[in-house]
Amino acid sequence: MGRSGPGGHELSLQQDSSSALLLNHYISFFNSLLFSHCPSQTLQKIRMATSPRQLVDLHSGVTHTRIGIWDLYEERGKGLPRRPDSSILKTIVQIRDNMPYVVRMFKEILNIRRVRMLLPSFLVVQVLDSLIPAVSLWCDGQLLRLVETMMETSTVDTTVVIHVAVGRVTCAVASHLLRHIQRRMEIPINMSIRQFYTRHVFHSMARLDLPTFTDSAVRQQLGFVTRPRNMHVETSLAWEVVQDLASLATTTTTMISQFFVLFTVLQKQQDGPLLMILGFSQSILRWYRTQSSVDSFSGMGVWAATTTNNDYIRMQGLQVLTFSPSHRKELVAGNLSEYITSQFCESALRLGDDAGDFNEVYEAHSMRKFPSITTILRETMPELPQIAFMLNAVRRPTTVPLSFASLQLIEHVSDSLISTYLSPYRVFNLTAKFAGLRNLYELKNVQNKVMDGTERFPGNQQSLISGISVEFRNVSFQYSDEERYALRDVSFRIEASQLCVIVGGNGSGKSTILKLISRIYDPTEGTILIDNRDIKTFRLADLRAAMSILFQDYTHFPLSIGENIGLGNPGLAQDDDKIHEAAKMGGARDFIEELPDGFSTYIDRPVKDQYANLPAGVTVADDWYSGVRNMGGLRTSTVSGLSGGQNQRLALSRTFMRSLVTDKDSSAGMLVFDEPSASLDPTAENDLFENLRKLKGSKTIIFSTHRFGNLTRHADLILYMDESVQEQGTHDELLKKGGEYARIWNIQAKPFL
Ligand SMILES: Nc1ncnc2c1ncn2[C@@H]1O[C@H](COP(=O)(O)OP(=O)(O)OP(=O)(O)O)[C@@H](O)[C@H]1O
């Protein structure tokens, strides 16, 4: 367990391992009793696990501690700030900087009619509520006076007793009523504010392009603004700020009024000042005790923990494999259950019971140490005022009951005072919320990375009828944070109304070309020309309206099937006839019409029906709910999963929405398909190719695929990709060339022709 210099570390670990070998045989034996459901041969295979604990200096300042299966590395003395930007000065500066956003928020929410009507009344009710503790304290003070008179004269003043009783009951009833009224007003205020800011955030987010939306800094900004703030009630950030500020103001009112009452009550008491000092110092010492214990963990400084224990890592992996629904299909089909159970048991036995997650293991480890003298002293300090009180009581025993009651009263007030004003969390919380408000307002100023152009496209709408030309000139592209180039020095030209098929292996850059054509990204180097002009000069909205793109990783929107298709052309998204026509073109109409709600069916409805708490084992389909479900027309579920091919037909229908509805309405001059036929059955694939061949000559079609088949033979241009364009030409030219394209064609397509 001793320290050693660098290099001695591994050696001493091994020594410890061997000395623990015998012990672990016994551990394994006991474990075998525990894990009796594990196969017997498992037990024979068990090797020894050791949990040596060592403290070894790796290099100056960094210590390594072995805690069970975990390796903890600490850089002592290099304290991390307890919270980022936690200095008082920084906090004040942050609050000052963010104040304009808070003022703006107040102005805006007061423009909402319902809020303008309810918020002032809400604040008045809150202030009234905050005065109740002072009234209640006054009643307590009257009780103290009663005790005092009782001790002096041995009589009880019944009028005071009645006053106190009535006062207390009134306080309780008033408090309950005021809270009820607050809650009643709070819900509609919150709903109105939330609606207002949801619209604001929705607009700011919907306009973001892909590189900006996926940028980590933007995601952080979005996260703070959009994450659900409360598990049960979805409150808005703005409302939280209002609530926090109001609560700060009302707590201050409570404190001042309580102080005033306390002062009035105690000034008539002989040892009042002493009791004040004792009561407050007790609260401060108690606060200090809790603060110090909060400090102790962060006092560890910079640290990191890891485990290299294969058994532990594998056990975690096996648990995920077993409990996650996403692996269940393969687990069952692969007949894996017996194997993974035996593997899990083996690893569990080797590990023993002391392996757990780092926090648990660390806690167990730190509990072994005895508390230090300073910790014990710190724990006992809050008792000192009580001792002083008792010493004083010995001097004047007759005042004990009254002084004791007063002391309790003072402590109650001082405890809540200190926890309110000395709590750093409250201040930091408010500062963080102010910063969140700033993020919320700044969201609409986030600049998209793909800059918009200024020129209209096309200059003449009629020109789209004969397609769009595309040219890549020495284009290279790197995804952000990737070292590798996805495309390197790519050059080609597709003339207007040509059919171009891009082929190549996985990761060869086919999809990336399509993303650059639609300006999802801009090239890192080189230029893309559309109709002989730099693509960056055109307005993005025009460019995208002139193209119809089907991405490989097509997703369904959480909307109805009809709207999913309709959104292929937002201008016609409400036109049912066109949607049906597009569905027919995509080969989806027949199966959609068989669905329970036809084109109105949701594949995965974003709002779930609510049912009374289901007892274990009872499903929604059971009789209990049939009455309400039949009456309300509730369905057991939305459409349960579509096949891969049906999904692809929906995707094609969405693409056809823009391009093929009717020639008159069609605004797209270019159709771009990224591997659209992989899951289609042969008939559907054939229908698709027929449709595309018919369009040849009137629209530019770019089609990316792994499959060398019918379409490549009809292509005006084939690009064979592997990071850059390896071969290009027509089918016959490339076959004649006898390169990679010809080789793969011979393997893949020729035997079927
Ligand atoms: N969003 C991304 N972020 C980082 N790298 C990416 C991203 N998308 C693709 N890549 C990388 O860029 C390269 C080209 O990918 P691309 O998707 O263009 O290939 P592909 O030819 O379409 O492949 P496949 O046939 O498998 O669909 C690959 O190395 C891939 O890993």
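**Exercise 1. Work out how H5 and H9 are oriented towards each other.**

*Solution.* Start with the general idea: two packed helices are described by the angle between their axes and the distance between the axes. Helix H5 covers residues 113–153 and helix H9 covers residues 237–266. (Helices are DSSP runs of H or I with at least four residues, strands are runs of E with at least two, and both are numbered from the N terminus.) Next, read off the geometry: the angle is about 20°, and the axes are 9 Å apart. Axes here are lines fitted to C-alpha atoms, for helices over the stretch in contact, with angles from 0 to 180 degrees between N-to-C directions. Now apply the cut-offs: under 35 degrees is roughly parallel, over 145 roughly antiparallel, 65 to 115 roughly perpendicular, and the rest oblique. H5 and H9 are therefore roughly parallel to each other.

Before going on, keep in mind that this is a predicted model: local features need pLDDT of at least 70, side-chain atom pairs count only at pLDDT 80 or more, and totals for chains, interfaces and linings use all residues. Residues are numbered from 1 along each chain as its sequence is written.

**Exercise 2. Find residues where H5 and H9 meet.**

*Solution.* Look for contacts, meaning C-beta atoms, placed from the backbone, within 7 Å of each other. On the H5 side you'll find, among others, Leu-123, Ser-130, Ala-134 and Gly-141. On the H9 side, the list includes Ala-246, Thr-250, Ser-257 and Val-261.

**Exercise 3. Lay out the sheet that contains S12 and say which strands stand at its edges.**

*Solution.* First, get the order: six strands form an open sheet, S10-S11-S12-S7-S13-S14, with mixed pairing. Then check the ends: S10 (547–550) and S14 (724–729) each have a single partner strand, so one side of each is left without a neighbour in the sheet. On average, neighbouring strands are turned by 15° against each other, direction ignored.

Now zoom in on S12, residues 700–705. Two strands pair if DSSP finds at least two bridges between them. S7 (residues 499–504) pairs with S12 in the parallel sense over five bridges, and S11 (residues 670–674) is also joined to S12 by five bridges and runs parallel. As for individual partners in S12, Ile-502 is matched with Ser-704, Phe-673 with Phe-703, and Leu-671 with Ile-701.

**Exercise 4. Is S12 mostly covered or uncovered, and which core does Ile-502 belong to?**

*Solution.* Use the burial rule: buried takes 20 or more other C-beta atoms within 10 Å of a residue's own, exposed takes 12 or fewer, and partly exposed is in between, with C-beta atoms placed from the backbone. Five of the six residues in S12 are buried, making the strand mostly covered.

For the core, look for buried Ala, Val, Leu, Ile, Met, Phe, Trp, Tyr and Cys residues joined through C-beta atoms within 7 Å. The largest nonpolar core has 66 residues, and Ile-502 is one of those with the most contacts inside it. Leaving out residues up to four places away in sequence, Ile-502 touches Lys-510, Ile-513, Ile-702, Ser-704, Leu-719 and Met-721. Apart from this core lies another of 19 residues, including Phe-122 and Leu-443.

**Exercise 5. Where does Asp-481 lie, and is Asp-481 buried or exposed?**

*Solution.* Asp-481 lies in the loop between S5 and S6 (487–494). With 6 other C-beta atoms within 10 Å, Asp-481 is exposed. Its phi is near 70°, a positive value in a residue other than glycine.

Terms used
Contact = placed C-beta atoms within 7 Å.
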